[in-house]
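Open the model in your viewer and keep the sequence panel beside it. This tour tells you what to select at each stop and what to look for there.

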Amino acid sequence: LIFSQIKTLFDRKFHHIINTTENFINSQFMELTTLDAIDLQLLDLLQRDAAQSNQALAQRVHVSAPTCLRRIKRLHTEGLIERQVAQLQPDRLAALQGHGLSAIVEVTLDRQGAEWLDGFEARAVAEDCVQQCWRVSPGPDFMLVVHTRDMPGYLALSQRLFTDDANVRNVKAFFATRRAKFETKVPLTPI
């Protein structure tokens, strides 16, 4: 009798854990509708130039303007299009605002518990100068791409982000001398 009660309790708990896990996964990764060739063409065109008019996009993929708009809204709703931004030309801006300084920075933490990693990540992504923040493995814990106005700007950032954090064990910065390529486009496989 006791074994039967324990088994029933275990089965209920196990079933609850499975359902909770499935619900979490479904809420995080909502089921996407299938992408067809037109969706992929739209995504590719928008990656290249998001300022194109809906009419121009519709003509390029050979659908009506309302159909094109409906598809683009669905791609936004499903989270395939994260956001639309203007890509600035840093060399042209540097001529107007100062030379600019770009660096790729490796950061290793002393303690790698989830709360320590999450804490550093939250501080890094809150900094406007940090353009990209990647958790990586093996090797350092984080790779950052940073852009500041000048070396004093980088030093101020490093003081806030690295020196003031007692958990930062090692920082290795690589300063860019020339940008050969910068691309935000995600390669898409045609259907």
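The stops below run from the whole chain to the sheet, its helices and a few single residues.

**Stop 1: the whole chain**

Show the protein chain as a cartoon. Remember that this is a predicted model. Count the elements: the chain has 7 helices and 4 strands. Now trace the cartoon along the sequence. The pattern reads α-α-α-α-α-β-α-β-β-α-β.

Switch on the surface. The accessible surface is about 14000 Å². Carbon and sulfur atoms account for 57% of that area. How much of the chain is buried? Of the 191 residues, 23% are buried.

Contacts can also be sorted by sequence separation. Take those between residues at least 6 apart in sequence: 64% of them join residues at least 24 apart.

**Stop 2: helices H3 and H4**

Select residues 54-61 for H3 and residues 65-77 for H4. Look at how the two helices cross. Their axes are 8 Å apart, and the packing angle is about 100°. An angle of 65 to 115 degrees counts as roughly perpendicular, so H3 and H4 are roughly perpendicular to each other.

Show side chains at the contact. From H3, pick Asn-54, Gln-55, Leu-57 and Ala-58. They meet Ala-65, Cys-68, Leu-69 and Ile-72 of H4. By class, this contact has 6 nonpolar and 2 polar residues, and no charged ones.

Stay on Leu-69, which sits in helix H4. Is Leu-69 buried or partly exposed? Its relative accessibility is 39%, so Leu-69 counts as partly exposed. Draw a C-alpha to C-alpha distance from Leu-69 to Leu-57: 9.1 Å, with their positions 12 residues apart in sequence.

**Stop 3: the sheet**

Hide the helices and colour the strands. The 4 strands make an open sheet, ordered S2-S3-S1-S4, with antiparallel pairing. Which strands are at the edges? They are S2 (130-135) and S4, each of which pairs on one side only. Turn the sheet to see its twist, which averages 20° from one strand to the next.

Bring the helices back and select residues 114-126, helix H6. H6 packs on the sheet and touches S1, S2, S3 and S4. The direction of H6 makes about 165° with that of S2.

Next select residues 151-163, helix H7. H7 lies across S1, S2, S3 and S4 and runs at about 145° to S3.

**Stop 4: strand S1 and its partners**

Zoom in on S1, residues 101-109. Strands of a sheet pair through backbone hydrogen bonds, so show those in the viewer.

Start with S3, residues 142-148. S1 and S3 pair in the antiparallel sense over 7 bridges. One position to label is Leu-101, which stands opposite Thr-148 in S3.

Now look towards S4, residues 168-175. This pairing with S1 is antiparallel and has 7 bridges. Label Glu-106: it stands opposite Lys-172 in S4. Then label Leu-109, whose bridge partner in S4 is Val-168.

**Stop 5: Glu-121 on H6**

Select Glu-121, found in helix H6. At 29% relative accessibility, Glu-121 counts as partly exposed. Which residues does Glu-121 touch, leaving out those up to four places away in sequence? They are Cys-133, Arg-135 and Phe-142. Glu-121 and Cys-133 are 12 residues apart in sequence, and their C-alpha atoms are 7.5 Å apart.

**Stop 6: the loop between H6 and S2**

Move on to Glu-127, in the loop between H6 and S2. Is Glu-127 buried or exposed? Its relative accessible area is 16%, so Glu-127 is buried. Not counting residues up to four places away, Glu-127 touches Leu-157, Arg-160 and Leu-161.

Finish at Cys-129, which is in the loop between H6 and S2. Cys-129 is partly exposed, with a relative accessible area of 22%. Leaving aside neighbours within four places in sequence, Cys-129 is in contact with Val-145, Val-146, His-147, Thr-148 and Leu-157. Draw the C-alpha to C-alpha distance to Thr-148: 5.8 Å, across 19 residues in sequence. You have met Thr-148 before, standing opposite Leu-101.

Note on methods:
Residues numbered from 1 in each chain as written. Predicted model: local features only at pLDDT ≥ 70, side-chain atom pairs only at ≥ 80, totals over all residues. Heavy atoms only, no water. Pairing = 2+ DSSP bridges. Buried < 20%, exposed > 50% of the residue type's maximum accessible area, 1.4 Å probe, protein only. Contact = heavy atoms within 4.5 Å. Areas by Shrake-Rupley, 256 points an atom, 1.4 Å probe, with all protein chains shown as cover. Axes fitted to C-alpha atoms, helices over the stretch in contact; angles between N-to-C directions. Parallel < 35°, antiparallel > 145°, perpendicular 65-115°, else oblique. Nonpolar A, V, L, I, M, F, W, Y, C, P; charged D, E, K, R; others polar.
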